[in-house]
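Good morning, and thank you for making time for this item. I would like to take you through one model, beginning with confidence, then the domains and the chain contact, and ending with helix packing.

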Amino acid sequence: MADLQTYGQDSGLKHTLLRGLLYLVLILFSIYYLFPLFVMITTSLKSLTEIREGSLISLPRVVTFDAWNYAWNEACVGVECSGIKTFFWNSVQMAIPAVLISTILGALNGYALTKFRFKGANIVFAMLLFGCFVPFQVVLLPMSVTLGKLGIANSTMGLVLVHVVYGLCFTTLFFRNYYVSIPDELVKAATIDGAGFFTIFWRIILPISGPIIVVSIIWQFTQIWNDFLFGASFSSGGSAPMTVALNNIVNTTTGVKQYNVDMASALLTGLPTLLVYVLAGKYFVRGLTAGSVKG
Amino acid sequence: MGASSSTESNLMASLQRNLSKIVVAPSFAASLFFVYGFIIWTAWMAFSKSRMMPVYDWAGLRQYERLWQMERWHVAIENLLIFGGLFIVICLFLGCLLAVLLDQRIRAEGVLRTIFLYPMALSFIVTGTTWKWILNPGLGLEKMMHDLGWASFKFDWLVNSDFAIYTVVIAAVWQASGFIMAMFLAALRGVDQDIIRAAYMDGASLPRIYFGIIIPSIRPVFLSAIVVLAHLAVKSFDLVIALTGGGPGYSSDLPATFMYTMAFQRNQLGISAASAMMMLATVMAIIVPYLYSELRGGKKNG
């Protein structure tokens with residue numbers, strides 16, 4: 001850390017001014033980043049007349065939750081007008097199994113690839129890793145054919161499969177990098193004591209995996225909840241995840257444009273990942289930066 | 001302790017080695033099928049006569065020829081260059097600037113970091129929906145400026161086919177720059193303090209310390225950030241769909257939205273597959289040299 005306080009040779013007035021300027025710039029940037037959230041919240045709490053009369057930054061004169069209620073219970077997605085709530089549950093039913101399965105597999109892979117290395121383990125890892133970088137457009141067509149053949153096209157189960165398969169490389173990467181730094185002696189000692197592959201995993205490795213499990217769950221949950229491409233390609237009508245439903249609500253061209261409902265729906269869609277970020281973001285950032293910055 | 005015990009432990013070890021393989025096998029098989037197999041399938045489609053349905057008749061480079069003859073594809077490529085270039089440069093600049101500013105023993109650094117980073121937690125669809133509302137010419141930013149007294153203010157980029165792609169840049173920068181900031185901040189915290197102290201003792205000024213010592217020493221992070229951003233740019237799909245829908249017309253199309261339209265709306269499977277292969281080639285051209293240097297560096301270290 002190099003900073004003005006330690007290394008700044010100017011004392012007194014100039015220093016105070018510089019600090020003031022620094023905070024001013026940071027506050028301006030904060031306003032820039034918070035502005036869309038502010039607009040979303042205030043717009044969602046206004047009535048349509050007030051939106052038309054008022055300005056983007058004006059606070060609601062009368063706070064009303066009508067738009068939220070309408071978005072949740074009544075908004076039309078396609079021909080179905082029962083709100084975004086069904087699609088919220090679709091996303092929940094898709095995300096929970098997909099996150100859990102990909103995390104468990106990732107943990108086992110990472111453990112096997114570092115603590116019980118076999119010949120070619122590096123190549124296997126490199127080949128798995130490649131999957132993280134493939135643009136998904138290249139698998140869209142064959143995947144829709146495959147899901148159709150398996151009879152799980154347009155179903156939540158199909159989306160779970162897709163998310164597990166393409167999330168595996170990330171979870172494996174997380175756990176592998178985490179386990180690499182755990183001393184091998186720990187495992188060797190347990191092997192000499194006669195403990196097997198799964199015993200060691202269960203008794204020794206898993207209890208110290210807390211931080212990386214949190215990272216994997218947060219990452220996977222955010223990716224899967226926020227996904228739109230797979231949802232739009234492999235689901236239709238009532239089985240769509242929430243992001244697809246949101247896009248549908250916003251881009252419905254019939255009737256009056258209800259900006260307050262759009263914003264309420266957007267907030268409802270963003271809320272789960274936002275909550276996860278605020279509550280557990282510390283670990284998320286720590287884990288992400290630890291994984292991506294090597295230099 | 002004799003020969004029998006050592007055979008036993010050998011047996012155990014060999015069983016465990018196999019267990020290790022057995023555990024990895026399903027994921028590896030899935031990767032072989034769903035990643036490598038699918039890439040080959042798509043590559044084949046791009047060489048076939050497929051239109052509405054996948055057919056396996058060889059057509060050579062016909063689909064690629066048709067792809068490169070389409071004006072829409074050229075628009076998408078041009079947009080990707082504009083969008084990707086601006087997105088990467090602005091995110092790098094903002095991310096680096098914010099990280100340096102935050103690195104000055106700031107009070108409430110945690111709060112500020114959270115504020116800069118929270119957009120990353122949102123779906124691109126949510127971001128797109130929000131910016132679409134903010135930037136809409138009727139009731140959004142334009143009206144706000146009029147109400148504030150700037151009557152001649154005009155901002156119609158969202159519906160202007162020459163500028164629609166720039167609104168995608170605005171929203172994408174808002175979403176991703178905080179993440180780049182976090183990457184740079186972590187790197188700044190890892191710079192060797194002794195070198196900085198020594199430079200300071202020699203009378204170097206703070207800007208000189210930053211430009212002469214700190215920024216060059218975190219060069220690898222620039223590379224990582226560029227790779228992450230380029231990868232995001234090539235894959236960009238949701239944001240365009242939510243913000244402009246690729247429009248007006250197809251003026252803000254990107255390769256990803258082009259591919260999707262050809263596959264699911266225009267029944268042009270062959271062209272769609274060819275465009276997907278072009279995207280794959282682009283990403284590989286960025287990622288493979290990077291991974292190669294990273295893995296080689298990793299071997300050197302351990």
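What pLDDT does chain B average, and what percentage of its residues score at least 70? This is a predicted model, and chain B has an average pLDDT of 84, with 94% of the residues scoring at least 70. Among the elements of chain B, the highest mean pLDDT, 92, belongs to helix α3 (residues 71-102), and the lowest, 78, to helix α6 (residues 141-147). For the complex, the predictor gives an ipTM of 0.86 and a pTM of 0.86.

Let me turn to the domains, starting with chain A. Chain A is divided into domain 1, residues 4-64, and domain 2, residues 85-292. Taken over C-alpha atoms, the centres of these two domains of chain A are separated by 34 Å. Seven residues of domain 1 of chain A are in contact with seven residues of domain 2 of chain A. On the domain 1 side of that contact, α2 (13-44) and α3 (48-53) of chain A each supply at least two residues. The largest share there, four residues, comes from α2(A). By class, this side of domain 1 of chain A divides into four nonpolar residues, two polar and one charged.

Chain B is divided into domain 1, residues 1-46, and domain 2, residues 63-301. The centres of the two domains of chain B, again taken over C-alpha atoms, are separated by 38 Å. Their contact takes five residues from domain 1 of chain B and nine residues from domain 2 of chain B. The side of domain 1 of chain B that touches domain 2 of chain B has four nonpolar residues, one polar and no charged residues.

Next, the contact between the chains. How many residues does each chain give to it? The contact takes 88 residues from chain B and 77 residues from chain A. On the side of chain B, helix α1 (residues 3-46) gives the most, with 18 residues. That side of chain B has 63 nonpolar, 16 polar and nine charged residues.

I close with helix packing in chain A. Two packed helices are described by the angle between their axes and the distance between the axes.

The first pair is helix α8 (residues 156-180) of chain A and helix α11 (residues 210-226) of chain A, which pack at an angle of about 155 degrees with their axes 10 Å apart. α8(A) and α11(A) are therefore roughly antiparallel to each other, and their crossing is right-handed. Among the residues that meet are A:Phe170, A:Phe174 and A:Tyr178 in α8(A), and A:Val215, A:Trp219 and A:Ile224 in α11(A). By class, this contact has eight nonpolar, six polar and no charged residues.

The second pair is helix α5 (residues 85-115) of chain A with α11(A); their axes come within 9 Å and cross at roughly 140 degrees. That angle makes α5(A) oblique to α11(A). The crossing of α5(A) past α11(A) is right-handed. Here the residues that meet include A:Met94, A:Ala98, A:Val99 and A:Gly106 in α5(A), and A:Ile213, A:Ile217, A:Phe221 and A:Trp225 in α11(A). The contact of α5(A) with α11(A) has nine nonpolar, six polar and no charged residues.

Which residues of α11(A) appear in the contact with α8(A)? They are A:Ile212, A:Val215, A:Ser216, A:Trp219, A:Gln220, A:Gln223 and A:Ile224. The list of α11(A) residues that meet α5(A) includes A:Ser216, A:Gln220 and A:Ile224. Thank you.

Note on methods. Residues numbered from 1 in each chain as written. Chains lettered and ligands numbered in written order. Predicted model: local features only at pLDDT ≥ 70, side-chain atom pairs only at ≥ 80, totals over all residues. Domains from an automatic or database assignment. Contact = placed C-beta atoms within 7 Å. Nonpolar A, V, L, I, M, F, W, Y, C, P; charged D, E, K, R; others polar. Axes fitted to C-alpha atoms, helices over the stretch in contact; angles between N-to-C directions. Parallel < 35°, antiparallel > 145°, perpendicular 65-115°, else oblique. Left-handed = near helix turned anticlockwise from the far one by under 90°. pLDDT = per-residue confidence, 0-100.
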